[in-house]
Amino acid sequence: MKMKIKKFYEARLYIGCYDNKDGRFSEDELTTFIKEVQEAHKTMIPVRVTKTKYISGTYYQEEGWEISAINYPRIDTTPTDINNFMAYLAGKLIKRFNQHRICIINPNDVIMIEP
């Protein structure tokens with residue numbers, strides 16, 4: 001049995017389900033777009049897409065997704081590679097799905113990206 005261990009690192013990106021021009025978009029549309037962005041990027045960074053819900057008091061609720069990338073031992077990446085990809089992906093998602101903002105969270109920072 002082989003074992004490969006890397007230091008744990010995770011970055012997460014959060015996106016709501018509403019395109020601010022075209023209305024709600026689907027998980028299939030999101031994952032298809034993420035695959036295209038991954039293919040166009042210089043380093044393949046695998047991600048996990050998980051449904052989530054945003055709630056802010058009684059006046060706001062929206063479904064959305066958490067997109068997470070880890071320092072996966074099978075892929076030769078660094079935390080910097082992961083951070084760069086997540087920022088690249090966030091920029092692409094903002095444009096494609098007309099988002100007002102996307103947050104990226106890593107162990108040290110919460111980064112809010114706006115168009």
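## Exercises on a predicted model

Cys 17 has 0% relative accessibility and so counts as buried. Keep that in mind for the first exercise; the model is a predicted one.

**Exercise 1.** Work out how many disulfides there are, starting from Cys 17.

*Solution.* Start with the cut-off: two cysteine sulfurs must lie within 2.5 Å. Next, look around Cys 17: the nearest cysteine sulfur belongs to Cys 103 and sits 16 Å away. Now go the other way: from Cys 103 the closest cysteine sulfur is that of Cys 17, which is too far for a bond. The count therefore comes to 0 disulfides by this rule. As for cover, Cys 103 is partly exposed at 24% relative accessibility, while Cys 17 is buried at 0%.

**Exercise 2.** Find which residues of helix α2 are buried, and what they pack against.

*Solution.* First get the helix itself: α2 runs over residues 79-96, 18 residues in total, and reaches 25 Å from first to last C-alpha, close to the expected 26 Å. Then pick out its buried residues: Ile 82, Phe 85, Met 86, Leu 89, Ala 90, Leu 93 and Ile 94. Why does that spacing make sense? An α-helix has 3.6 residues a turn, so residues three or four places apart point the same way. Finally, check the partners: these buried residues pack against β1 (10-16), α1 (27-40), β5, β6 (102-105) and β7 (110-113). Just past the end of α2, Asn 98 takes a positive phi of about 50°.

**Exercise 3.** Say which parts of the chain are tied together by the salt bridge of Arg 24 with Glu 63, and do likewise for Lys 51 with Glu 27.

*Solution.* Take Arg 24 and Glu 63: their closest N and O atoms are 2.6 Å apart. Arg 24 is in strand β3 (residues 23-24) and Glu 63 in strand β5, so the pair ties together parts 39 residues apart in sequence. Now Lys 51 and Glu 27, with closest N and O atoms 4.0 Å apart. Here strand β4 (residues 48-56) holds Lys 51 and helix α1 holds Glu 27, so parts 24 residues apart get tied together. Lys 51 is exposed at 63% relative accessible area, whereas Glu 27 is partly exposed at 28%.

**Exercise 4.** Name the residues that make the nonpolar surface patch of about 320 Å² and place Ile 70.

*Solution.* The patch is made by Phe 8, Ile 70 and Tyr 72. Ile 70 belongs to strand β5 (residues 60-70). A patch residue needs over 30% relative accessible area, and Ile 70, partly exposed, has 35%.

Definitions and conventions. Residues numbered from 1 in each chain as written. Predicted model: local features only at pLDDT ≥ 70, side-chain atom pairs only at ≥ 80, totals over all residues. Heavy atoms only, no water. Patch = residues over 30% accessible without salt bridge, like charges linked within 9 Å, V, L, I, M, F, W, Y side chains within 5 Å. Areas by Shrake-Rupley, 256 points an atom, 1.4 Å probe, with all protein chains shown as cover. Salt bridge = Lys/Arg side-chain N within 4 Å of Asp/Glu carboxyl O. Helix = DSSP H or I, 4+ residues; strand = E, 2+ residues; numbered from the N terminus. Buried < 20%, exposed > 50% of the residue type's maximum accessible area, 1.4 Å probe, protein only. Expected span 1.5 Å × (residues − 1). Contact = heavy atoms within 4.5 Å.
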